[in-house]
Amino acid sequence: MKIATLFISTVLLLTFFDCSLQAKQNAKTGKTPNFVLIFIDDMGYGDASCFGATGYTTPNIDKLAAGGMRFTNFYSAQPVCSASRAALLTGCYPNRIGVSGALFPNAKVGINPSETTIAEMLKQKGYATAIFGKWHLGDAKEFLPLQHGFDEYCGLPYSNDMWPLDDIGQPIAKEHRRSSLPTLPLIEGNETKELITDMKGQDKLTTIYTEKAVSFINRNAGKPFFLYVPHTMGHVPLGVSEKFRGKSEQGMYGDVMMEIDWSVGEIVKVLEAKGIAENTVIIFTSDNGPWLNYGDHAGSAGGMREGKGTNWEGGQRVPFIVAWQGKVPAGTICNQLGCAIDILPSFAEVAGTKLPENKIDGVSLVELWKGNKQAKPRTELYYYYGKNNLNAVRKENWKLILPHTWDSYDTIPRNGGMGGPRVKVKTEKPELYNLQRDPGEQFDMASFFPGKVAELMLTAEKARAELGDLNVGIEKGAGTREIGKSGK
């Protein structure tokens with residue numbers, strides 16, 4: 001028995017060392033790199049200390065930026081959950097593929113199986129794939145991650161406030177719009193692992209995702225992998241483990257950011273321990289701007305105007321860091337334009353995979369990542385919101401706000417975890433902003449630069465022809481495709 005036990009232990013030890021040695025050799029010989037994509041919920045432009053956060057520090061995120069590149073003009077594709085995630089994973093503006101807003105539990109729609117996700121693209125090259133965190137692209141089985149290229153999944157199928165409780169986890173009246181929602185499921189694979197019935201369940205989510213991510217890296221260090229960690233936090237209701245509760249000066253939101261920073265550190269630590277950090281592209285970014293009317297339970301737009309759910313800069317300009325040892329120049333800043341839809345084609349270039357057969361909107365940012373200061377892969381950006389409303393366009397440093405109505409945060413926020421009121425505001429005529437000089441969008445320059453307004457209106461017309469614009473009565477564009485529909 002002792003000999004058998006010793007033999008098994010020796011085999012396991014040799015296997016471990018062989019895996020680590022193979023991983024290190026892969027890194028040195030330039031074999032296909034791994035990808036780690038960390039995606040935070042409702043984290044504003046100013047919510048990491050390397051982007052100006054105060055009241056807490058994010059040393060691991062800052063270290064990632066110090067070892068890589070920080071973008072100052074990077075955008076989510078839309079300022080809302082499902083739409084921004086659909087864009088991230090497919091390389092398409094979400095309205096191109098029929099996704100809008102935030103999908104609710106038991107939705108009859110979701111990501112169309114005809115669309116190619118990053119995970120499906122990379123599996124063509126033999127990648128192991130996993131997602132640990134928030135999905136939000138449909139909760140019917142055919143829409144869940146395992147049916148869209150992921151080998152492993154553990155997380156929530158939608159936002160953590162889509163449950164029959166209020167924003168701080170308290171019971172609500174029967175007439176409340178959430179009262180009929182199902183209990184929040186934590187899904188593993190295709191099945192519900194457990195039901196989250198109170199805030200204690202939410203408090204453990206960041207830790208669960210992190211532990212799953214570390215385990216996945218340990219088990220797949222000897223081959224190429226794609227790890228997607230879309231954290232549930234800092235979406236309200238805010239949950240945080242005891243190890244970080246009460247640790248920040250900023251309050252609950254600061255505690256949550258400190259735990260997310262810890263999570264980043266744990267992931268980087270295991271990459272280094274397995275000898276594969278230098279052969280791994282790590283990206284850290286957010287799905288949209290902060291939900292500002294939640295006061296001390298919300299993040300910071302870092303001086304940008306408005307927040308989540310608006311097409312002003314605070315709604316879509318987000319923190320973005322890319323680190324890739326030996327390839328991305330350490331401690332650099334890129335001021336060029338980038339968007340979440342550009343991640344898929346960037347990964348395709350790095351991994352040497354084919355792009356999806358369906359038309360996409362993203363462009364590769366790899367030349368920027370390598371430090372090529374002459375590269376300018378993206379010069380335009382479309383700001384859509386709602387069902388299919390084009391509310392703004394950007395070209396170079398100029399942004400044209402188109403006539404539309406939005407819910408403004410220009411009111412006093414409510415503290416303590418409950419959302420405060422918002423006020424409807426309407427832009428009656430086009431407004432022009434120079435984002436190089438006025439990133440806070442305070443000074444309308446339309447009357448001074450009519451030629452620039454006309455130029456950007458051509459960009460808007462191009463977007464409308466391709467993708468539509470309900471603001472002017474165009475429901476669909478020539479290039480739009482259908483959202484997936486459940487067979488149930």
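In this predicted model, the lining of the second largest cavity divides into 5 nonpolar residues, 4 polar residues and 1 charged residue. The lining residues are Asp42, Gly234, His235, Val236, Tyr253, Pro290, Trp291, His297, Ala298 and Gly299. The volume of this second largest cavity is about 40 Å³. Across the whole structure, the search returned 2 cavities of 30 Å³ or more.

Open pockets were examined next. The largest pocket has a volume of about 580 Å³. Its lining comprises 32 residues. Nearest the centre of this pocket lie Val80, Trp291, Lys308, Tyr385 and Arg422. Trp291 also appears in the lining of the second largest cavity. Two or more lining residues of the largest pocket come from each of the elements β13 (389-395) and β15 (404-408). The biggest contribution is that of β15, with 4 residues. By class, the lining of the largest pocket holds 14 polar, 11 nonpolar and 7 charged residues.

The second largest pocket encloses about 320 Å³ of space. It is lined by 15 residues. Gly98, Val99, Ser100, Lys387 and Lys476 are the ones nearest its centre. The classes are evenly represented in this lining, with 5 nonpolar, 5 polar and 5 charged residues.

Two open sheets were analysed. Strands of a sheet pair through backbone hydrogen bonds, in either the parallel or the antiparallel sense. One open sheet consists of 10 strands, in the order β7-β6-β5-β4-β8-β1-β9-β10-β2-β11. Its pairing is mixed. The edges are taken by β7 (191-196) and β11 (332-339). Each has a single partner strand, so one side of each is left without a neighbour in the sheet. On average, neighbouring strands of this 10-strand sheet are turned by 20° against each other, direction ignored. At the β7 edge, strand β6 (residues 184-188) runs antiparallel to β7, and 5 bridges join the two. Within this pairing, Glu188 has Glu191 of β7 as its bridge partner.

The other open sheet has 4 strands, in the order β12-β13-β14-β17. Here the pairing is antiparallel. Strands β12 (380-385) and β17 (431-434) form the edges. Both have a single partner strand, so each keeps one side without a neighbour in the sheet. Neighbouring strands of this 4-strand sheet are also turned by 20° against each other on average, direction ignored. Inside the sheet, β13 pairs with strand β14 (residues 398-401) in the antiparallel sense over 4 bridges. Lys395 has Trp398 of β14 as its bridge partner. Strand β13 thereby links the sheet description to the largest pocket, as β13 gives two or more residues to the lining of that pocket.

Aromatic contacts were then surveyed. A pair of aromatic rings is described by the distance of the centres and the angle of the planes. The structure holds 21 aromatic pairs. In one of them, the ring centres of Phe150 and Tyr228 lie 6.2 Å apart, with the planes at 25°. An angle under 30 degrees counts as stacked, so the Phe150 and Tyr228 pair is stacked. Phe150 sits in the loop between β4 (128-132) and β5 (152-155). Tyr228 belongs to strand β8 (residues 225-230). The pair therefore ties together parts that are 78 residues apart in sequence. Phe150 and Tyr228 are both buried.

A second pair, Phe216 and Phe225, has another geometry, described as edge-to-face. Its rings are 5.7 Å apart centre to centre, with 85° between the planes. The burial cut-off is under 20% relative accessible area. Phe216 counts as buried because its relative accessibility is 1%. Phe225 is likewise buried, at 0% relative accessibility. One aromatic cluster is made up of Phe35, Phe39, Tyr127, Trp135, Phe150, Phe226, Tyr228 and Phe347. The stacked partners Phe150 and Tyr228 are thus members of this cluster.

A final position concerns the loop between α1 (2-28) and β1 (34-40), where Lys31 is placed. Lys31 is partly exposed, with a relative accessible area of 45%. The C-alpha atoms of Lys31 and Lys223 are separated by 9.5 Å. Along the chain, Lys31 and Lys223 are 192 residues apart.

Methods
Residues are numbered from 1 along each chain as its sequence is written. This is a predicted model: local features need pLDDT of at least 70, side-chain atom pairs count only at pLDDT 80 or more; totals for chains, interfaces and linings use all residues. Side-chain values use heavy atoms; hydrogens and water are left out. On a 1 Å grid over the protein atoms alone, a cavity is a set of points where a 1.4 Å probe fits but cannot get out, and a pocket is an open set with protein on both sides within 12 Å along at least five of seven lines; lining residues have an atom within 4 Å of a point. Grid points are joined across faces, edges and corners, and a volume is the space filled by probe spheres set on the points. Ala, Val, Leu, Ile, Met, Phe, Trp, Tyr, Cys and Pro count as nonpolar, Asp, Glu, Lys and Arg as charged, and the others, Gly among them, as polar. Two strands pair if DSSP finds at least two bridges between them. Axes are lines fitted to C-alpha atoms, for helices over the stretch in contact, and angles run from 0 to 180 degrees between N-to-C directions. Rings of Phe, Tyr and Trp (its six-membered ring) pair if their centres lie within 6.5 Å; planes under 30 degrees apart count as stacked, over 60 as edge-to-face and the rest as tilted. Buried means under 20% relative accessible area, exposed over 50%, partly exposed in between (1.4 Å probe, protein chains only).
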